[in-house]
Number of protein chains: 2
Amino acid sequence: MDRVIEITELALRDAHQSLIATRLGIEDMIGACEDLDKAGYWSIECWGGATYDACIRFLNEDPWVRLRTFKELMPNTPLQMLLRGQNLLGYRHYQDEVVDRFVQKSAENGIDVFRVFDALNDLRNLERSVQAVKRCGKHAQVAISYTISPIHTTQNFIDQARRLMDMGCDSVCIKDMAALIKPQDAYDLVKGIKESCGNQLRVHLHVHATSGVTMVSLMKACEAGVDGVDTAVSSMSLGPGHNPTESFSEMLANTGFTTRIELPRVLRVRDHFAKVLPRYSEFLSTFTGVDTDIFMSQIPGGMLSNMESQLKQQGAADRIHEVMEEIPLVKKDTGYVPLVTPTSQIVGTQAVLNILMGRYKVVTGEFADLMLGYYGAAPGERNPEVVERARQHAKKDPIDCRPADLLEPEWGKLRAEALPLEGCDGSDEDVLTYALFPQVAPKFFAARHEGPRNLGRDPVTGASETVVPEGHPGRITGPVTYTVTLSGQQHKVTVAPYGQE
Amino acid sequence: MDRVIEITELALRDAHQSLIATRLGIEDMIGACEDLDKAGYWSIECWGGATYDACIRFLNEDPWVRLRTFKELMPNTPLQMLLRGQNLLGYRHYQDEVVDRFVQKSAENGIDVFRVFDALNDLRNLERSVQAVKRCGKHAQVAISYTISPIHTTQNFIDQARRLMDMGCDSVCIKDMAALIKPQDAYDLVKGIKESCGNQLRVHLHVHATSGVTMVSLMKACEAGVDGVDTAVSSMSLGPGHNPTESFSEMLANTGFTTRIELPRVLRVRDHFAKVLPRYSEFLSTFTGVDTDIFMSQIPGGMLSNMESQLKQQGAADRIHEVMEEIPLVKKDTGYVPLVTPTSQIVGTQAVLNILMGRYKVVTGEFADLMLGYYGAAPGERNPEVVERARQHAKKDPIDCRPADLLEPEWGKLRAEALPLEGCDGSDEDVLTYALFPQVAPKFFAARHEGPRNLGRDPVTGASETVVPEGHPGRITGPVTYTVTLSGQQHKVTVAPYGQE
């Protein structure tokens, strides 16, 4: 009997978040739902992460309506979300009652599997949401942010998994968002966790495909006893995204492992998205190959492009290599935080400032908070000199309690602020939308009645969109240079009346 | 001590043949040669396959000059070529003396490793070139065309390898041009050959990346004892091409295997081609993802696109699925020939004709030759009814001897025909060029003095090239639709004077 490796399909959440900046609209997903639901997945990740933000900011979609739509169309397969622990889906810590209510509403509206993570792997930032999930009778999975550092040893991660099991998690997921995990490391880590935690604890592995080695890491994880892996249908895979579902399933032939997915159904899902994706070419990541710089730098690709654009804005694009050398030093000063949202942005921005202004001459508020414990406990020892510098800059003292313990009850206040907003329907769901995105929610509530705004475009229309300079004469008499955006890349196209080139 | 897995770098031959239709010009390779030579590769594949044809047909480059240039710039690493056995680099069988002379001249001009293959895996088509290589004191590697069929069992391939060793080959290569080989099959095959042939025979594995599973097959091949693998630097990898060199090397960390390559040098080669490749966007394969149809159809991607364009020309594009179902039947009738140049084209075209005209109502001359033994012995039993049909069509009797045995000595005649051609320099190399490509050689000899024609273009120039309709007025007064070719894809762009859209 072959051992079954379960699959979580990422097409509806992380895949489009990674490939087209989370812009996929609900109407472009609906057509795939029946096949997704019946294909034999362990779960379908379809909510959370950046999708909530994108729904209200860009798509005029109510994320709760989206979730209920999924539940209606996919009643047979567990629906999964990504939750940033005490941050929920927002960018600050929330008081426990807000966490409880958010989890409860998510469960009521359709989420079956909650994948919870914390950038710092601080258990105290995870505990409350895990308890809330358990109270709803749902599956609580904690994702351990994977990173490479002198203190992030295999044993360290194994101990962490053990503590998560003791906390009551139903499963752990190793979350390798930067595609850093190499085959043998994946093997050792999965093997170690399985040996330490036994069959009580499911182990899943989430990898991106970016470095070109992680499909092999998935294979070695199977050999080590992994219970589930994350993949995305091939038309929504690779580059900054994930490994292709069909290829994963097929590669297991004769290995003693198998999956439960039905290939013909998955191929139909693939064909659906193969047609849909070109409609979002404007948002498509320009990077589609393999990034092998990460083997030298260990800096996630997305972080690098962020820093590049920051440097460019400062007219200092040529200093990227200095910044790349600064990052490991800044990371070390923080006590080796994993580089994942939001720590990747915080560390990256500080590294840019260090190079442009002098080391820690200017410290961002976020970096100061990170150094002073306001995001949680660091994995290792923080540099005390930099902590002191942060204290001076921020005029705050370091803390070592759980950050959310400093918060006063806030649900009543949030509710009082949300309810009077134009278009707010008074539901807890709306209050949560306001709680998570207080700047964006008012505009969304007011415009919600207009219905979803689909940002996909017919490829030909998209291709012919040109920017005509303002104040351009009504008749073209000389060469005109247009900027044509195709597949996310800008091209200068000069069009001249015939004979004038 | 880690076991060393040797690497053959494909950037200079199969990679650009797969990705940009073999159009890479010598001047765009020169800058990478020093790093390639010093990076620690076992060999650098840089000649043969379709490059000879492309040199004289498209690039006005003398392939022999190209080879000598490589030898001068890369004196330390063995240079490798791909040779189609008794077909050499042409499209027919050559008489043995031509084979001997071609191999001898290739060795003299710089080839150290000859990878020889035959589409049918007919040993009699390989013997003469292997002997010629050994006589020159060079490395004779025979590549076994990998395919999946009822008669192509693991044991069948192992027996083939054993026979190749007895023939005096220095190494065998499993050549999986369609990315069909799954991890466990790769493991079993390599393990079986190593066990059967011992350490006397090196085993290499050549895979394409197209199906998304072959990076894992490379890993399993390492575990099974493979001696060498083929990869391409990441900027010249994936899609219809190969797995990325840096990723392969890095994934071996802590596995007990290692490579001899120096990552910083390989990254410089990568950076070189990352700049070069966009200059060839016009030729770039539009397919860059993973093709998972092959798991159901086992039809190589390149073959499929050929048949699609044949059907389109006949206004029958909608019949592709019938053709796809016909292919396995035609393949079976041929005695399960592997689908690789030239059999993939022959079988594909016959399948198209079967669907359009009725099964075997029309038979191409090439298909008749294949059925009648003029390409060599079939791997399995041919369908006797189809053999009879072929005999009637071609008015030729089937043969069972080695096809080249039917050929009269031809070197003198080829030489006599080549020498009078304008621009022919009288060398054996020129006679060989004429022998291989009698239609193209005369034009090439005449134009050779003009020097290499580089088909790369600055991306911006390429992007702004528009097709202006002939007889277009000198002044644009209404909307004009241009066809803009970008990255090999055509887009219709309509430009209207401002206010007219």
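Where is the place of A:Pro342 in chain A? Keep that in mind while you get your bearings, and remember that this is a predicted model.

**Stop 1: the whole of chain A**

Start by showing chain A on its own as a cartoon. You should find 21 helices and 12 strands. The radius of gyration is 23 Å, close to the 23 Å that the globule rule gives for 501 residues, so chain A is as compact as a globular protein of that length. Turn it around: along its principal axes, the C-alpha trace spans about 75 × 60 × 55 Å.

Now think about how the chain folds back on itself. Taking the contacts in chain A with a separation of 6 or more, 76% are between residues 24 or more positions apart. As for burial, 54% of the 501 residues of chain A count as buried.

**Stop 2: the nonpolar core**

Bring chain B back and select A:Val142, A:Val190, A:Ala221, B:Val142, B:Val190 and B:Ala221. These are the residues with the most contacts inside the largest nonpolar core, a set of 291 residues.

Zoom in on A:Val190 and pick out what it touches. Leaving aside residues up to four places away in sequence, you'll see A:Val203, A:Leu205, A:Ala221, A:Ala224, A:Gly225 and A:Val226. One of these, A:Ala221, was also in your core selection.

**Stop 3: the cis prolines**

Back to the opening question. Select A:Pro342 and you land in the loop between helix H14 (320–333) and helix H15 (343–357) of chain A. Show the backbone as sticks here: the peptide bond joining A:Thr341 and A:Pro342 is cis, with omega about 0°.

Then hop over to chain B. The bond from B:Thr341 to B:Pro342 is cis too, with omega near 0°. B:Pro342 sits in the loop between helix H14 (320–333) and helix H15 (343–357) of chain B.

**Stop 4: two positive phi angles**

Go to A:Thr22, in the loop between helix H1 (11–19) and helix H2 (30–38) of chain A. This residue isn't a glycine, yet its phi is positive, about 65°. Is A:Thr22 buried or exposed? It counts as buried, because there are 21 C-beta neighbours inside 10 Å and the cut-off for buried is 20 or more.

For the last selection, try B:Lys395, in the loop between helix H17 (384–394) and helix H18 (411–418) of chain B. Here again phi is positive in a residue other than glycine, this time near 50°. B:Lys395 has 7 C-beta neighbours inside 10 Å, so it counts as exposed; the limit for that is 12 or fewer.

Conventions
Residues numbered from 1 in each chain as written. Chains lettered and ligands numbered in written order. Predicted model: local features only at pLDDT ≥ 70, side-chain atom pairs only at ≥ 80, totals over all residues. Core = buried A, V, L, I, M, F, W, Y, C linked by C-beta atoms within 7 Å. Contact = placed C-beta atoms within 7 Å. Helix = DSSP H or I, 4+ residues; strand = E, 2+ residues; numbered from the N terminus. Rg over C-alpha atoms; globule rule 2.2 N^0.38 Å.
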